[in-house]
Amino acid sequence: IRKPIQSPSKMLDIIWTTAYRGKLSSRAQRRVKRHFSIKHCGKDRIQMTQATQKSLPLRMIQAVLKAIQECMVPVIPMIMAGGLVKVVVILLNLIGVLPADSQTYTILNTIGDAPYYFLPFEVAASSAVYFKLPTLLPLAAVGIMFAPNFLALFDAGTVAFFGIPIANVTYSYSVLPIILLVWVMGLLYRALKKALPDSLFN
């Protein structure tokens, strides 16, 4: 260091990028301390910490929005295709070419509804890619929600799993619950992968 350091920002840059990485010699550190007030450095450090804490909620919101965006982008083409089929069916019905009571109308209408009805499976597959999970695991978990035997339990009344009540919720057309499910599965999967032998995951 050739000359005294007068700027607090320069001092902080040197400390965080060099001194704490072990790249600043002891002689250079002494010169930094001699030409810069330690009290001033501590004040700047507190200000930096407070700024980091203030930006933490914003970073969390950005991370959540990014996850939703990345999980939904691959699904958008299928949603658009289903919407176009529905529009064509409606137009053909309005001009009298396709009666509403015909089997062709029912089949085309079902094709248009399929991307929306099975949206949880599509979101589960794209979320598995984003959260770096084997694709079949989220698909199997979502499949449980659509299993006839599972849905039949709610016809008898209240359903509980190990004493924990399960709400009777229709997950067709759902997005956010599926993304949350896959995220939790990712946390459990990585924790188990660290604790269990690798042969179980190959």
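## Around V123 and helix α5

V123 touches M72, V75, V175, I178 and I179, leaving out residues up to four places away in sequence. This is a predicted model, and the talk below starts from that residue.

Colleague: Which helix supplies the largest share of the largest nonpolar core?
Modeller: Happy to walk you through it! That core has 20 residues, and V123, F131, L133, V175, I178 and I179 have the most contacts inside it. Helices α3, α6, α7 and α9 each supply at least two of its residues. The largest share, five residues, comes from α9.

Colleague: Which side chain of opposite charge is nearest to E122, and how far away is it?
Modeller: Let's first place E122: this residue sits in helix α6, which covers residues 119-130. Beyond its neighbours within four places in sequence, E122 is in contact with V75, M78, A114 and P115. E122 is buried and has no salt bridge. A salt bridge needs a side-chain nitrogen of Lys or Arg within 4 Å of a carboxyl oxygen of Asp or Glu, whereas the nearest opposite charge for E122 is K86, at 14 Å.

Colleague: Which residue forms a salt bridge with K86?
Modeller: Good one to ask, as the structure holds one salt bridge. In that pair the closest N and O atoms are 3.0 Å apart. The pair links distant parts of the chain, 27 residues apart, with K86 in helix α4 and its partner in helix α5. That partner is D113.

Colleague: Are D113 and K86 buried, partly exposed or exposed?
Modeller: The cut-offs help here: buried means under 20% relative accessible area, and exposed means over 50%. D113 has a relative accessible area of 30%, and K86 has 22%. Both values lie between those cut-offs, so D113 and K86 are each partly exposed.

Colleague: Where does α5 bend?
Modeller: Helix α5 runs over residues 103-117 and has 15 residues. From its first C-alpha to its last it reaches 20 Å, close to the 21 Å expected at 1.5 Å a residue. There is a bend of about 25° in α5, and a proline, P115, follows within four residues of the bend. The bend is at I111.

Colleague: What covers the buried residues of α5?
Modeller: Let's begin with the residues themselves: in α5, Y105, G112 and P115 are buried. P115 has already come up, being in contact with E122, and E122 lies in α6. The cover over the buried residues of α5 includes α4 (76-94) and α6.

Terms used:
Residues numbered from 1 in each chain as written. Predicted model: local features only at pLDDT ≥ 70, side-chain atom pairs only at ≥ 80, totals over all residues. Heavy atoms only, no water. Buried < 20%, exposed > 50% of the residue type's maximum accessible area, 1.4 Å probe, protein only. Lys, Arg positive; Asp, Glu negative; His and termini not counted. Contact = heavy atoms within 4.5 Å. Expected span 1.5 Å × (residues − 1). Bend = angle between axes of the 7 residues up to and from the residue. Core = buried A, V, L, I, M, F, W, Y, C linked by side-chain atoms within 4.5 Å.
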